[in-house]
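Thank you all for making the time this morning. I would like to walk you through one structure, starting from a single position and widening the view from there.

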Amino acid sequence: MTEFLDLETQDGVRMPWNVIPGTKQSSSSSIIPVSTIYTPLKPLPSIPTLPYTPLRCRTCRSVLNPFCIVDFASKIWICPFCLTRNHFPPHYYSISDDNLPAELFPQYTTIEYESPTEKSTVPPVFLFVVDTCVIEEEIGYLKSSVSQAVGLLPENSLVGLITFGTYVCVHELGFGQVPKVYVFNGYKEVTKDQIMEQMGFFVKRPRPATGVIAGVRDGLSQESISRFLLPASECEFAMNSILEELQKDPWPFSSDQRATRCTGTALSVAAHLLGACVPGSGARIMAFTGGPTTEGPGAIIGKNLSEPVRSHKDLDKDSAPYYHKAVKFYEGLAKQLVHQGHVLDLFACALDQVGVAELKVAVERTGGLVVLAESFGHSVFKDSFKRVFQSGDYDLGLSSNGIFEVNCSKDIRVQGIIGPCASLEKKGPLSSETVIGQGNTTAWKMCGLDKATSLCLVFEIVKKDSPEAIDQSANSQFYFQFLTYYQHSSGQMRLRTTTLSRRWVSGPGSIQDLISGFDQEAAAAVLARLVSFKMETEAEFDPIRWLDKSLIHLCSRFGDYQKDSPSSFSLSPRFSIFPQFIFHLRRSQFVQVFNNSPDETAYFRMILNRENVANSVVMIQPSLISYSFHSTPEPALLDVSAIAADRILLLDSYFTIVVFHGSSIAQWRKAGYHNQPDHAMFAQLLQAPQDDANAILKERFPAPRLVICDQHGSQARFLLAKLNPSATYNSDMPAPEREILFTDDVSFETFLDHLQRLAVQ
């Protein structure tokens, strides 16, 4: 495992196959596609930033890299992708074997370029879109969070405010003497022209006769823009005055009705406003919603409370009348935001569903952040929201306006990306006919990206089996290059390039080579994204059956066994934990939608689709640490047998962190032993898991929910649901002090027995 982690530390890349099945046939029989999980902006301490523009190949536009063949005598470099011979420009003429530019150093496979001339003139923009259809207490929490955020923003960043309920209110911050608001009907869709007309953008300066109106450069005066978007340092007072007086939506509704909430119209107004004032800049719409949309475009439910919000069953049966219309509306909004280069962040806090499942497309394609909690007063929301604006050790490193491009060897095609980006429809010879995720292109727009954003690229090998391929031609390397052009938080435009080389193998003797380069954690993360994507896009798709078939085929191809003899079956250490990952993935919230609402499922999948391999593995197979008097904290098996009366367990399932006290520990704690000086050891034992949990809470985004519970207590369900049910009420009589689970789920042992039986057939 360590060599794969080293590759990630060097380039931010993890691949299931680090030795690549080199032909179409061997790649399809390897079950898991040739793919990469890449974190474009992963902080890499060793990479230099070069203060000049990169040197590109004149044919395929790839960037000069350590895998290029360089002829120092004739000052020529040969591109590894298209084999074009390129001349070095005059300022490179002093290069030699001993005097290499940084981009040719073998250790700098990832490098950044920063052009001193390219800097964005527009500061970052934050447009807060706040729901007022919530109870007074929630509005109080929301006010304090937003005003705290305005205080934490960089002084030059522009701030705007829109509130919505039955109507959409755009607040004019630049007119401090009297609060001034422009009101739009929440029931109707509003166009950009209507907004500009109604908000008086052309009172002092006539409207241009032709062309698109877009910012100061095209037809708007700075004065009219700064009525609605003002620097944080200037508008703090106006913003706080408006927030202080903000009240619950005044429009009445009867007790058997839902509040009239026009989230879709409010987001549409926000997108038009930013599109008119600051197109192409790093702007974020931060939407706070506390309930379902019931009015106007994007509505997910009617106003009658007798009508329940759609469930997974309704979506499967196609009996959710609002769903497709709402998704279509948000797809249009996503397209508009991607075109403008703007991000939609969603903070949804309610006990009921709010429509995250419908909004998913707009948040994901613009690379927005998403947080789902029960209340605006809950630590999950408050801590996560604070992290967005935090600087220092735990800042998110928000960047904007990214364009991501891929170049690869001619025998490889790009099928698509599963992750927070949008296809730019730049179809070329490297894009595959088969599309997975955002495909049909070799370039993607990433309106918003941060230090942790990770993309899953899926490739297809098109090299046919041929006699020459089997004796491995002289060049048995495949090359990949990832280019990320983005606006750094300093406003500077940067280009990060990562170039990879991987050996390919084919033919009868290649199995051992493939096994030696298999990264089982990366493979589990890729399969989790693939199965989630298929569940959302393919009708009648059976995820459990698909995962089981994939695992059986993989084990029968790479396992060691005698035919029809299950007891002889064994897997190489490179594959040994993979069945366990699949067992937990089958039981995870990504595959088992029972007991989760469509909103929760959409939320879990959005987070999975933007996280790196290590975090994805924790979501699939949570980590469990045991604390006891007998030993130092140690990892425990994720099994019901890990529960003991005198142990504390710490479960990290990414979205929830559980500190679980065994029954004896809970009794001693209730008796107050930890407060007595002669039981200092017990006090330390209680504190240790709490400290470890706090360390995780501090660095994770979105902040997980912390659950502290006792054995046999109701909240213990958070732990029990994740454990392997090796002892259930059905098992042979367990020892009286052992915990058992009341479940009909099969245990991992049974799962493995079936797998071995089927794999050797």
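Let me begin with Gly-419, which, if we set aside the neighbours within four places in sequence, is in contact with Glu-364, Leu-455, Arg-529 and Asn-609. Please keep in mind throughout that this is a predicted model, and that what I describe is computed from its atoms. Gly-419 sits in the loop between β18, residues 412-418, and β19, residues 422-423, and because its relative accessibility is 10%, under the 20% cut-off, it counts as buried. The C-alpha atom of Gly-419 is separated by 9.9 Å from that of Arg-605, although the two residues are 186 apart along the chain.

One of those contacts, Glu-364, takes us to helix α10, residues 356-365, where 9 of the 10 residues are buried, so that the helix is mostly covered. The buried residues run through Val-356, Ala-357, Glu-358, Leu-359, Lys-360, Val-361, Ala-362, Val-363 and Glu-364, and you will notice that Glu-358, Lys-360 and Glu-364 are listed there together with Leu-359 and the valines. If you ask what covers the buried residues of α10, the cover includes the helices α7 (263-277), α9 (323-340), α14 (520-537) and α17 (598-608), as well as the strands β15 (343-349) and β16 (370-373). After α10 comes Gly-367, with a positive phi near 70 degrees.

From that helix I would like to turn to two strands. Of the 11 residues of strand β22, residues 477-487, 9 are buried, and the strand is therefore largely enclosed by the rest of the structure. β22 has pairing partners that I can name: with strand β17, residues 399-408, the pairing is antiparallel over 7 bridges, and there Ile-403 has Tyr-485 of β22 as its bridge partner. With strand β23, residues 492-505, the pairing of β22 is likewise in the antiparallel sense, over 11 bridges, and in this case Phe-482 is matched by Thr-498 in β23. β22 and β23 form a hairpin with 4 residues between them, and in the turn Gly-491 has a positive phi of about 95 degrees.

The other strand is β9, residues 125-131, in which 7 of 7 residues are buried. In a regular strand the side chains alternate between the two faces of the sheet. In β9 both faces are covered, with Val-125, Leu-127, Val-129 and Asp-131 buried on one side, and Phe-126, Phe-128 and Val-130 buried on the other. β9 pairs with strand β10, residues 158-164, in the parallel sense over 7 bridges, and within that pairing Val-129 stands opposite Ile-162.

Now for some backbone details. Most residues other than glycine have a negative phi, and most peptide bonds are trans. Which residues depart from this? Lys-75, in the loop between β5 (69-71) and β6 (76-78), has a positive phi near 50 degrees without being a glycine, and because its relative accessibility is 17%, Lys-75 still counts as buried. Tyr-654, in the loop between β26 (648-652) and β27 (656-661), also has a positive phi, of about 75 degrees, although it is not a glycine, and at 2% relative accessibility Tyr-654 counts as buried. As for the peptide bonds, the one joining Phe-701 and Pro-702 is cis, with omega at about -10 degrees, and Pro-702 is placed in the loop between α20 (680-699) and β28 (705-710).

Finally, let me step back to the whole chain, which has 22 helices and 28 strands. Its radius of gyration is 28 Å, close to the 27 Å that the globule rule gives for 761 residues, so the chain is as compact as a globular protein of that length. Along the principal axes the C-alpha trace spans about 85 × 85 × 60 Å, and 55% of the 761 residues count as buried. Among contacts with a separation of 6 or more, 72% are between residues 24 or more positions apart. The accessible surface comes to about 32700 Å², with 53% of it belonging to carbon and sulfur atoms, and the mean positions of the 67 positive and 80 negative charges lie 6 Å apart.

Terms used. Residues numbered from 1 in each chain as written. Heavy atoms only, no water. Helix = DSSP H or I, 4+ residues; strand = E, 2+ residues; numbered from the N terminus. Rg over C-alpha atoms; globule rule 2.2 N^0.38 Å. Buried < 20%, exposed > 50% of the residue type's maximum accessible area, 1.4 Å probe, protein only. Contact = heavy atoms within 4.5 Å. Areas by Shrake-Rupley, 256 points an atom, 1.4 Å probe, with all protein chains shown as cover. Lys, Arg positive; Asp, Glu negative; His and termini not counted. Charge placed at Lys NZ, Arg CZ, Asp CG, Glu CD. Pairing = 2+ DSSP bridges.
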